[in-house]
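Subject: The structure I promised you

Hi,

Here is the structure we talked about, ready for you to open and turn around on your screen. Have a look first, and then read on for what turned up in it.

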Amino acid sequence: MSVLTRYVLTQTAKPMMATLLVALLVLMAERMLRVVDLVIGWRGSLLVIFEMLGYLVPHYMGLALPASFFIGILMTVNRLSRDGEIDAMMAAGTGLPQLVRPLLMASLVLVVLNFILVGFLQPYSRYAYRAAVQAVTNASFLTLLRPNVFTTAERTTAFVERMSPDKSSFDRVFLYTRAENGDEVAITSEHGVMRSTRATEPLRVELQRGVQQALPVARPGNDTKAPEAVTLRFGTFETTLTDRRGDELDPRGEDERELTLPELWRARSEPLPHIDPSEIEAELHGRLVRTLSIPLLPFL
């Protein structure tokens with residue numbers, strides 16, 4: 001690597017890294033407030049905030065990387081011109097091709113990095129962030145739970161007679177849920193223990209020595225007698241203290257933004273039932289354009 005190449009790359013990297021850091025902070029500032037508001041008071045863990053913000057880094061990095069690279073080039077070339085260094089290079093027999101060559105080499109490296117970001121990291125991190133938001137939201141039900149008070153969230157109602165100070169164990173638990181189709185389920189238990197999970201996973205509780213009773217609703221057009229309640233006695237039963245819908249997370253790929261580039265390419269010939277083909281084409285073209293346009297920045 002020549003002295004000129006090292007010099008140009010070094011001078012470009014400094015403002016580029018500074019701009020990238022500032023851009024990430026600015027882009028994540030608004031989302032950071034939403035994450036803090038979502039977490040504080042429910043789990044109250046600082047690690048959860050950093051974990052969820054970490055899922056957002058690939059998304060904002062894909063936006064900030066080309067912009068910071070262009071600003072780094074602009075500031076470097078402007079300084080070289082202002083200080084007369086470009087004139088000195090010209091007088092020494094070095095032309096614009098030699099000045100652009102190291103920037104073009106750097107842009108090709110950024111193309112590979114951006115391809116990995118938008119093609120693979122962003123889809124998985126977007127889904128991970130959505131899963132974390134849903135899990136932390138479900139945790140709010142535990143915060144609302146109070147001894148000797150009926151607590152209702154969506155279609156689930158819970159009641160506990162006694163609760164430990166850290167809310168890790170319960171005595172005399174009652175849970176009632178009405179499903180979307182009208183079926184009703186009631187659970188009573190002598191004791192419940194909260195099982196430790198990751199902060200971004202749904203809360204689960206292990207119930208001990210209890211009874212579960214399910215009452216199916218009568219279906220329209222059914223001439224038989226009304227269905228009878230089904231009673232089940234259990235020694236140990238694991239469930240959640242949240243709405244049942246909170247446990248269900250759609251698989252990755254329900255949104256075109258959660259598909260990797262190879263998956264988008266395959267979806268062109270094998271359309272997905274839940275995504276419009278035009279949205280697949282638009283997402284694929286958008287990612288390719290944002291990636292392959294980076295080598296044009298040094299010439300601008």
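How many salt bridges does the count come to? The count comes to 12 salt bridges. Before we look at some of them, please keep in mind that this is a predicted model.

**The overall plan**

The protein has 300 residues, and 38% of them count as buried. It contains 7 helices and 6 strands. If you walk along the chain from the N terminus, the elements come in the order α-α-α-α-α-β-β-β-β-β-β-α-α.

**Some of the salt bridges**

Try finding Arg130 and Glu258, whose side chains meet in a salt bridge with N to O at 2.9 Å. This pair links distant parts of the chain, since the two residues are 128 residues apart. Arg130 sits in helix α4, while Glu258 belongs to the loop between β6 (230-239) and α6 (261-269).

Is Glu258 buried or exposed? With a relative accessible area of 3%, Glu258 is buried, because buried means anything under 20%. Its partner Arg130 has 28% relative accessibility and so counts as partly exposed.

Another salt bridge joins Asp255 to Arg257, and their closest N and O atoms are 2.9 Å apart. Arg257 is partly exposed, at a relative accessible area of 39%. There is also a network: Glu161, Arg162, Asp171 and Arg172 are joined into one by salt bridges that share partners. You can add the pair Glu85 and Arg79 to your tour, whose side chains meet at 3.0 Å, N to O.

**Along helix α4**

Helix α4 covers residues 96-138, and several residues in it are worth a stop.

Gln98 is found in this helix, and at 31% relative accessibility it counts as partly exposed. The side chain of Gln98 reaches the backbone nitrogen of Gly95 at 3.0 Å. Now look for Thr5: Gln98 and Thr5 are 93 residues apart in sequence, but their C-alpha atoms are 8.2 Å apart in space.

Val118 lies in α4 too, and with 2% relative accessibility it counts as buried. Its C-alpha atom is separated by 10.0 Å from that of Gly286, although the two residues are 168 residues apart along the chain.

Leu121 is another residue of α4. At 42% relative accessibility, Leu121 counts as partly exposed. Which residues form a nonpolar patch on the surface with Leu121? They are Val112, Phe115, Ile116 and Phe120, and together with Leu121 they have about 420 Å² of accessible area.

**A buried threonine**

Thr156 has its place in strand β2 (residues 156-163). This residue is buried, with a relative accessible area of 3%. The side chain of Thr156 makes a polar contact with the side chain of Thr177, at 3.4 Å.

**Two helices with a buried side**

For the last stop, look at α6 and α7 down their axes.

In α6, the buried residues are Leu261, Leu264 and Ala267. They fall within an arc of 120° around the axis, so they line one face of the helix. Trp265 and Ser269 are exposed on the other side of α6.

Helix α7 runs over residues 277-292 and has 16 residues. What span should it have at 1.5 Å a residue? The expected value is 22 Å, and the end C-alpha atoms are 22 Å apart, which agrees. That expectation is 1.5 Å times one less than the number of residues.

The buried residues in α7 include Ile280, Glu283, Leu284, Arg287 and Thr291. Why do these belong on the same side of α7? Because they cover an arc of only 95° around the axis. The face turned away from this buried side carries the exposed residues Val289 and Leu292.

Enjoy exploring, and write back with any questions!

Best wishes

Notes
Residues are numbered from 1 along each chain as its sequence is written. This is a predicted model: local features need pLDDT of at least 70, side-chain atom pairs count only at pLDDT 80 or more; totals for chains, interfaces and linings use all residues. Side-chain values use heavy atoms; hydrogens and water are left out. Patches are made of residues with over 30% relative accessible area and no salt bridge: like charges are joined within 9 Å, nonpolar side chains (Val, Leu, Ile, Met, Phe, Trp, Tyr) within 5 Å. Accessible areas come from the Shrake-Rupley method with a 1.4 Å probe; for residues, only the protein chains shown count as cover. A salt bridge is a side-chain nitrogen of Lys or Arg within 4 Å of a carboxyl oxygen of Asp or Glu. Helices (H or I, at least four residues) and strands (E, at least two) are DSSP runs, numbered from the N terminus. Buried means under 20% relative accessible area, exposed over 50%, partly exposed in between (1.4 Å probe, protein chains only). A polar contact is a pair of N or O atoms within 3.5 Å; within protein, one must be able to donate a hydrogen and the other to accept it, and residues adjacent in sequence count only if both atoms are side-chain atoms. The arc is that of the directions from the helix axis to the C-beta atoms.
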